[in-house]
Amino acid sequence: MKILNVRQIRALDAYTIENEPVSSLDLMERASKAFVRWFCNQFANTRPVAVFCGKGNNGGDGLAIARILSTHSYDVQVFVIEYTENASADFQSNFTRLRDHLQPVSISADSVFPTLAANVICIDALLGSGLSRPAEGLLANIIHSLNALPNKIVSVDIASGLYADKANQKGDPIIEPNFTVSFQLPKLAFMMPQNAKFVGSWHIVDIGLNEDFITATHTPYHYTDKLTAEKLINPRDKFSHKGTFGHALLMAGSYGKMGAAVLSGKACLRSGVGLLTMHIPVCGYDIIQISLPEAMAVTDQDEKHLSALTDLGSYSAIGIGPGLGKEPVTVNVVEKLLDFVNANSGKAKLIIDADALNIISENRDLLNKLPESTVLTPHPKEFQRLAGDSKDEFERLQSGIDFAKKYKVIICLKGANTAVILANGEVHFNSTGNPGMATGGTGDVLTGIVTSLLAQKYEPAEAAILAVYQHGLAGDRAAEVKGQSALIASDLVDSLGW
C-alpha cells in the first residue's frame, strides 16, 4: 500500500472527480458514509455523539457524518467553530443539507465550551490534512478543550493540527484522538513514534479513489500489509531438498550472551533455511548442541569470544552480531568478514546486527567496507551511533534514507512500524507487531529470520521487508496467547508460521 503526500492526495481526489466522473460533494458523501460504516461497527447508537466542525472540507465531512449518523438513530449534536467567515463550497452545501436533520450550534470566541456527558463520543472534523501552519486562536482553544475532556475522540482523516508530511513543533495545538479514521491511504505522520498520541489507533476506509492514479503515482513511502507480504513468499517446489533452501552461517554469542545466539539460530531454522551452522566461542558449544540439535556448530579457538573467521566458502548467507561482544579480537573478525564478502561479491549475502553494528559505529573506517545490499538491523540507539543525532523522527528517517543511499545498504530501523529503508531511497513501513515485543532478544529473532531468507536466495530488499513483517506477525500471534506484558523473545520463535 502506498503512502502519498498531501499534494498527491489532492491530485488523486481531483483525478477521481474528473475521470469517474463524480462531483466533489458526492465524493465527500462517499467518504462520510465510509466513516460512518466504521463508526457504527465501533460504537452502538446508544452512545450520543458530538461533532466538532471547522469550516473547510474536513468540516464538510463532519457535517455529512453528523447527518448520516442521525439517520442511523444516533443522538447527534453539531458544533461549528466560527474561526473564519470563509467556508468551503462543499462545507456550505453540507451545512444546508444538515439543517433538514439537525440544527448546528455555533461556537465563537465569546462562547462557552459545551458541557458534555462522559459517554459522548466526540468526532474531530476541525482541520484536515492540508494544514500548513499551526492552529491558533479559537481553533487552538477548542483543541485544548477537547483534549482536556475524558471523552473518546475520533478524528476524521487526520487529527486536527497534525501535519501529514512533516514534523510539528513542540507545543503545537493538536487533537489527541483515541481513533483516526483515514480515507483510502495512510499518512506518513501515522508512522512516526513522536505522533503516537496524535494518531491513536488508526484505520483506513476505502472511498473509491482512482486505483489507476494510485498505481501510476510515484512515492518513496509504502506500507507493508498482509497482501503485500504474502506476495513476497516463495512457494516450495515438490521436489525441493535441503540444499534448495541454502546454507546459513550465524556468527553469534560470547561468554554470558549465548542466549542471543540460540534465539537467532532457532528463528533462522523456523524460517525455512535448509542448513544452519553456528560459529560460536568454545564456551557456547554445549549450549548450542543441546538447544539447537538441527544446527551444526563450529567453535572458535577463543574460549569466550569470536577471534577468527571460519571457512566461509560454503555459505549463501551470513549473519553476525547477536551477543557478539566488542572485544578487540572480535573487531578484527568483523573487518575480515567485510573484506571477505567484498572480495567474493555475490557469493554470500550479509546481515549485520547488535554488537557488530556497534563495532562499526566505533570504528568508522569500516563503514566504507560495507558490502552493497548488506542488511543492517539497528534499533534507534544503534542507528544514532551509526548516523548521528536527529531532532525528530522525520529527520531521523531522512538520515536513514541518506545513509542507505550513500553506503548502498538496506536498513531495518526497528520500532513500531519498523521502517525498511532501501538503497534506492524507498521506505517500507511495517504493519505488524505490538509493544509486547519491546523486550530483550526480539532483535536477535529478526536477525535469524533475515539470515534464513537471504540464504534461501530471496533478494535482500524482499528478505528484509518479509522478515520484518513475519517477525511482527509472530509477535502478534504470541501476544494473543501470552498477553503483551508476558511476551518474551522465544515466544516469537514458537509463533513463527509461514
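**Close-up 1. Strands β6 and β7 side by side.** In this predicted model, strand β6 (residues 179-183) runs parallel to β7, and the two are joined over 5 bridges. Look for Phe183, which has Val205 of β7 standing opposite.

**Close-up 2. The open sheet and a helix lying on it.** Step back from that pair and you get an open sheet of 7 strands, paired in parallel and ordered β3-β2-β1-β4-β5-β6-β7. The edges belong to β3 (105-107) and β7 (201-205); each has a single partner strand, so one side of each has no neighbour in the sheet. From one strand to the next, the twist averages 25°. Helix α5 (residues 137-148) packs on this sheet and touches β1 (49-53), β2 (76-81), β3, β4 (121-125) and β5. The direction of α5 makes about 145° with that of β2.

**Close-up 3. Val154, tucked away in strand β5.** Val154 sits in β5, which spans residues 153-156. Is Val154 buried or exposed? With a relative accessible area of 0%, Val154 counts as buried. Leaving out residues up to four places away in sequence, Val154 touches several aromatic residues, including Phe35, Trp38, Phe39, Phe43 and Phe179. Ile121, Cys122, Ile123, Asp124 and Val181 are also among the contacts of Val154. Glu176 is 22 residues from Val154 in sequence, with 9.1 Å between their C-alpha atoms.

**Close-up 4. Strand β10 between two parallel partners.** Of the 6 residues in β10 (residues 275-280), 5 are buried, so the strand is largely enclosed by the rest of the structure. One partner is β9 (residues 247-251), paired with β10 in the parallel sense over 5 bridges. Here Leu250 has Met278 of β10 as its bridge partner. To get from β9 to β10, the chain goes through helix α8 (residues 258-270), making a right-handed β-α-β crossover. The other pairing shown is with β11 (residues 296-299), parallel again and over 4 bridges. Thr277 stands opposite Met296 of β11. Between β10 and β11 the chain passes through helix α9 (residues 285-291), and this β-α-β crossover is right-handed.

**Close-up 5. Phe429 and the nonpolar cores.** In soluble globular proteins, nonpolar side chains tend to be buried together. The largest nonpolar core here holds 79 residues, and Phe52, Ile352, Leu397 and Phe429 touch the most other members. Setting aside residues up to four places away in sequence, Phe429 has contacts that include Ile3, Leu188, Met191, Tyr221, Tyr223 and Leu397. Another core, of 48 residues, lies apart from the largest one; Val420, Leu466, Tyr469 and Ala489 are among its members.

Note on methods
Residues numbered from 1 in each chain as written. Predicted model: local features only at pLDDT ≥ 70, side-chain atom pairs only at ≥ 80, totals over all residues. Heavy atoms only, no water. Buried < 20%, exposed > 50% of the residue type's maximum accessible area, 1.4 Å probe, protein only. Pairing = 2+ DSSP bridges. Right-handed = clockwise from strand over helix to strand, strands pointing away. Contact = heavy atoms within 4.5 Å. Core = buried A, V, L, I, M, F, W, Y, C linked by side-chain atoms within 4.5 Å. Axes fitted to C-alpha atoms, helices over the stretch in contact; angles between N-to-C directions.
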